[in-house]
Amino acid sequence: MARAFLVVLDSAGIGGAPDAAKFFNDGTPDTGANTIGHIAEACAKGRAEEGRSGPLRVPNLDRLGLGMAVKLASGMIAPGLGAEPAGTWGAATEISKGKDTPSGHWELAGLPVPFDWTYFPNEEPAFPPDVTSALIEAAGTEGILGNKHASGTDVLDELGAEHMRTGWPICYTSADSVLQIAAHEEVFGRERLYALCEAMAPMLHGRRVGRVIARPFVGNASTGFVRTKYRRDFALTPPERTLLDWAFDAGRPVHAVGKIGDIFAHRGVTDNAKGTDEELMEALVALTETAEEGSLTFANFVEFDSQYGHRRDVSGYAKHLEWFDAQLPRLFERMKAGDIMIFTADHGNDPTWVGTDHTRERVPVLIHGKGARKLGLVGFSSVGASVAAHLGLDERGAGKAFL
């Protein structure tokens, strides 16, 4: 029985979203944003030389059709990309109204988000008084810090020392439907932080705020503050069944890698590997050898987004793409006859763009294990439908299988 591996390069969009003008970064519409295309362009022009050099080198993804997918999605010829595809390739368009992690992943798994998310305003304070009061009560402190839109790394530089002094949690949000809480692992305690987020989640989910995210960090004012790998997302449960449920309820093992379990509120998940992207790659390599016949492995590599997209680090993003690409032969050589591995993304986060938020973009759909074929433009939900068809599952969700 065939296996399926669905791998999300978090934020690796390829431009061309037809509704990009409706989405904004610092007041500028996302029209023209193109994460992969603009990274390739920056590399070709010598503007991504920190820790790497020269044109963007992702030959394995390009042989699957990455460069052609960029051109299909946006019309852009990405410098250094565009090899004749040896894989099945296309580009996917999202219909959910958010450019966020849950919207992208749920729709990839066959469930377009059927409602509008709730967002906090970009003003101070960002949170309504009852949310702030609930945070203070749940934290057992006299107040909170932040209470605004902020970059997750900048806010530590700004408020980390005050957090160490007061013990108050740092609470902030962004253009996403999210409330993030940062706290020092030693001063505040990681488990206490998790408990705080878990306590707040029902209230926020009831208002259709997508996630409450625990952001533990370490360090001090002298050496600086650094977020650790122990992030935990407390996500709203999908309102309907998804690919994970279809597989799990059919008796298939569902292996989650990265933050997949968190995104789907751990429903329909057999087990979940967590860690840095490097650790997650080792987990994925191991699963190509050990995953059971008929199983689904669903992976997310978040550092493209969290470490490089939001920080507008073009060189870092390019270097991480090149690292990821170099690992692919290890995966492919361990796959079995009949297996497929799909590489895609959940949204964009163009590091050359204004602001620090996600960008509304189409995403690549690159498939190893199905020969060379052009899919054209498809819907996000058709990815889930196609994985279900490959696994012989009865449910298809909102999509139409293209395999």
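**Buried acidic residues, cysteines and nonpolar cores**

Asp-357 counts as buried, at 16% relative accessibility. The value comes from a predicted model. The residue is placed in the loop between strand 14 (340-344) and strand 15 (363-368). Its contacts, leaving aside neighbours within four places in sequence, are with Asn-25, Ser-174, Ala-175, His-310, Arg-312 and Asn-349. Asp-305 is 52 residues from Asp-357 along the chain. The C-alpha atoms of these two residues are separated by 9.6 Å.

A second acidic residue, Glu-94, was examined in the predicted model. Glu-94 lies in the loop between strand 4 (88-93) and helix 4 (101-108). Its relative accessibility is 6%, and Glu-94 therefore counts as buried, the cut-off being under 20%. The side chain of Glu-94 makes a polar contact with the side chain of Arg-360, at 3.3 Å. Arg-360 also appears among the residues in contact with Glu-94 when neighbours within four places in sequence are left aside. The others in that set are Ser-103, Gly-104, Glu-107, Asp-346 and Phe-380.

The cysteines were considered next. The structure holds 0 disulfides. For Cys-197, which is in no disulfide, the nearest cysteine sulfur is that of Cys-171, 8.3 Å away. A disulfide needs a pair of cysteine sulfur atoms within 2.5 Å, so this pair does not qualify. Cys-197 is buried, with a relative accessible area of 0%. Cys-43 is buried too, and its relative accessible area is 2%.

Nonpolar packing was then analysed. In soluble globular proteins, nonpolar side chains tend to be buried together. Here, the largest nonpolar core has 86 residues. Within this core, Phe-324 and Phe-343 have the most contacts. Helix 12 (residues 314-332) supplies the largest share of the core, with 8 residues. Phe-324 touches Phe-343. Phe-324 also touches Val-7, Leu-9, Leu-61, Met-281, Phe-301 and Phe-304; residues up to four places away in sequence are not counted. Another core, of 24 residues, lies apart from the largest one. Its members include Ala-126, Val-209, Val-212 and Phe-234.

Definitions and conventions:
Residues numbered from 1 in each chain as written. Predicted model: local features only at pLDDT ≥ 70, side-chain atom pairs only at ≥ 80, totals over all residues. Heavy atoms only, no water. Buried < 20%, exposed > 50% of the residue type's maximum accessible area, 1.4 Å probe, protein only. Helix = DSSP H or I, 4+ residues; strand = E, 2+ residues; numbered from the N terminus. Polar contact = N/O pair within 3.5 Å; in protein donor to acceptor, adjacent residues only side chain to side chain. Contact = heavy atoms within 4.5 Å. Core = buried A, V, L, I, M, F, W, Y, C linked by side-chain atoms within 4.5 Å.
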